[in-house]
Structures are given as C-alpha cells and as structure tokens.
Amino acid sequence: MRISRVLNSRVLTSGVRNSGVLVAAALLLGAAVAPAVADSSPSASPSGDSAAPTSAGTSFRTATEIAQGQRATADGSAGDYLYWSFPADTGLRPTVKATVKFPQSARRNASQTWQLDVYDGLRRRQACQYGAQTRTAAQDATSVDLSCTLRTVRAWSEPWANDPLPGTYYVRLTLVDVATGDLGLPVSAEVEVDSKDIGGSAAVDGSLSQPLVPGIATASDTSDEDSAKASLFSLEPDDGWASGWWTDRWVWTAIGGILAALAGIGGYALTKGTGRPRQVPPGA
C-alpha cells in the first residue's frame, strides 16, 4: 500500500507539472504568433491625406479611382452611367454601398429603378452574395439606397470560372427603368466601399502572378520623354498586393502541430510512471 501511494503521488505531481508546462507554452506561443498573423493580413485602408473624389467617370476607361473606406460623391443626370473603381486584394469580401439623392426642385413624373453593378478587372460582372442591388424609388422619394456584397476575393481560380480575383473592380450606377420625361433630371450619388478580411479560411492552393489591374491609358516616363508606358491603377492596398503561397493558415497549422506534440509528450509523462523504486526487490 505504501509503495502504491508513493507511485500515485509521483505520477500526480508529474502530471500537474507537465500540464503547467503545456499551458505556459501555449500562452507564449499564441502571444508570439498573434502579431505575425495581424501583420500578414492584407490591408486596403486609404491614406489619411487622400481626399475623397467628387466626380464619377462615364465609362470603364474613365472610371474614378476610390480607395476603400472613402465616400465618393458625384453629381449627374438621370440616365447617366456613373463609374468608379477600387482595389480589392486576396481574402477580402468587399461591400459596395451607394445612395442616390433626388433634389426637391426636380419633380419626377414616375418611379425610377436604379441598379448597382460590380465588375472585376476583366470586366466580368460579379454576382452579389447579398444586398439590394436593384431598388425602385417612389415618385416622392428623396433618396434610394443600394448595396452589393461580393464573394470573397480568391488568390487563384480556374480559367473557366467567374470567381472574384485580386485587382481592380469597377462600380457602375445607372437607371434601368425611368420615364422618358424624367431623363436628364439632376441627381447626386454617394458611393463607399468597405471590406471584411476573411483571412486564411478563404485561402486556396495557388496565386496569380499579377493582380487584375489592366492599363487604361498611357503615361510618359519621366526618365525618358520619348517612351510611354501603360498607366495602371494608381491605388493599391497599403501593404501591396498579396502574392505567393503564404497565408495565415500556415501559422495556425504550425500552432496545431506544436500543441499536438506537447500534448503527446504530456500524455506519455502521465502514463509511463516512475519505474520500480530502489527499495522494492525485483519480482516483489
């Protein structure tokens, strides 16, 4: 009985000690990895010095660039096509919101139906995951709100698929149903783009060599006046475009492997015992 109590006491002491080591290791590892995970997330916040644009383009080629988090405004007429463009990187789920306001002085003869469309850098129309993409404003309405939440931007996709890919995205705001007598009435529009960072849960095996940022014009090279180069989208995420195989999923996979190894060591230490005491003869 005395020998059994001694063995049980030593096993319990060893178990408590190993459990404390496991908890401390997990806490230290989590604290060390948290900053790395935060730094690995792509960011698309605008710079504080940039002013929000107050006009909109009339086509894909003249789309007004806006950064995520900015509220762009524009004045136009009923029947105009209003275009904006913004950057979206891997792992982000963009949400585009638009508000069309009608001046009190412009009396409408009938209701109007407005639509918000989003296209990627290849000018493929992207489906909205949810949101009121098309809404009808009553004749006496002062404004109408629209929204479109895209699917999560993927790092890579099959050529035949229509998945959202990192790069430039275009926003088009226009009327799809309007009375002929209301064409040309003044309107004002507000557009804002925000994104939710989905992180490694949306990671895929593969990546694009370059984001979808097609050239829309040519600009003269300051070093050589005779040469011209394609003028790409001037706005990009603060940390640059994500590329390569790295995602925060690798970090959490490594954490899981280390914790599993520590748990195995602790379990072995709890069950192996301390061996035969010196004062107990063999075969006793």
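## Strand pairing, core and cavities in a predicted model

In strand β7, Val-144 is the bridge partner of Val-100. This is a predicted model, in which local features need pLDDT of at least 70 and side-chain atom pairs count only at pLDDT 80 or more, while totals for chains, interfaces and linings use all residues. Residues are numbered from 1 along each chain as its sequence is written, and side-chain values use heavy atoms, with hydrogens and water left out.

### Overall organisation

The protein chain holds two helices and eleven strands; these elements are DSSP runs numbered from the N terminus, helices being H or I of at least four residues and strands E of at least two. From the N terminus on, the order of elements is α-β-β-β-β-β-β-β-β-β-β-β-α. Of the 284 residues in the chain, 35% are buried, where buried means under 20% relative accessible area, exposed over 50% and partly exposed in between, with a 1.4 Å probe and protein chains only. Contact means heavy atoms within 4.5 Å. Among contacts between residues at least 6 apart in sequence, 73% join residues at least 24 apart.

### Sheet and strand pairs

Two strands pair if DSSP finds at least two bridges between them. An open sheet of five strands follows the order β1-β3-β8-β5-β6, and its pairing is mixed. Its edge strands are β1 (64-65) and β6 (134-137), each of which pairs on one side only. The table lists four antiparallel pairs, each with one pair of facing residues.

| Strand pair | Bridges | Facing residues |
|---|---|---|
| β3 (residues 82-88) and β8 (residues 167-177) | seven | Ala-88 and Gly-167 |
| β5 and β8 | seven | Gln-115 and Thr-174 |
| β4 (residues 92-101) and β9 (residues 186-197) | ten | Leu-92 and Asp-197 |
| β4 and β7 (residues 143-149) | seven | Val-100 and Val-144 |

Strand β8 thus appears with both β3 and β5. Nine of the eleven residues of β8 are buried, so this strand is largely enclosed by the rest of the structure. Strand β4, in turn, pairs with β9 and with β7.

### Nonpolar cores

A nonpolar core is a set of buried Ala, Val, Leu, Ile, Met, Phe, Trp, Tyr and Cys residues joined through side-chain atoms within 4.5 Å. The largest such core has 29 residues, and the members that touch the most others are Trp-84, Phe-86, Val-96, Val-100, Trp-114, Leu-116 and Leu-173. Two or more residues come from each of β2 (71-77), β3, β4, β5 (112-119), β7, β8 and β9. Apart from this core lies another, of five residues, among them Phe-60, Ala-63, Tyr-83 and Tyr-119.

Trp-114 is placed in strand β5 and, at 1% relative accessibility, counts as buried. Leaving out residues up to four places away in sequence, Trp-114 touches Val-100, Phe-102, Gln-133, Thr-134, Arg-135, Val-144, Leu-146, Leu-173, Thr-174, Leu-175 and Val-187. Trp-114 and Val-176 are 62 residues apart in sequence, yet their C-alpha atoms are 5.9 Å apart in space. For Leu-116, with neighbours within four places in sequence set aside, the contacts are Val-96, Ala-98, Gln-133, Leu-146, Ser-147, Cys-148, Val-171, Arg-172 and Leu-173.

### Cavities

On a 1 Å grid over the protein atoms alone, a cavity is a set of points where a 1.4 Å probe fits but cannot get out, and lining residues have an atom within 4 Å of a point. The structure holds two cavities of 30 Å³ or more. The second largest encloses about 40 Å³, a volume being the space filled by probe spheres set on the points, which are joined across faces, edges and corners. Its lining consists of Ala-78, Phe-102, Pro-103, Ala-106, Arg-108, Gln-112, Leu-185, Pro-186 and Val-187. These residues divide into seven nonpolar, one polar and one charged; Ala, Val, Leu, Ile, Met, Phe, Trp, Tyr, Cys and Pro count as nonpolar, Asp, Glu, Lys and Arg as charged, and the others, Gly among them, as polar.

### A backbone exception

Most residues other than glycine have a negative phi. Arg-123, in the loop between β5 and β6, has a positive phi, near 60°. At 43% relative accessibility, Arg-123 counts as partly exposed.

Terms used. 1 Å grid on protein atoms, 1.4 Å probe; cavity = no way out; pocket = protein on both sides within 12 Å on 5 of 7 lines; lining within 4 Å.
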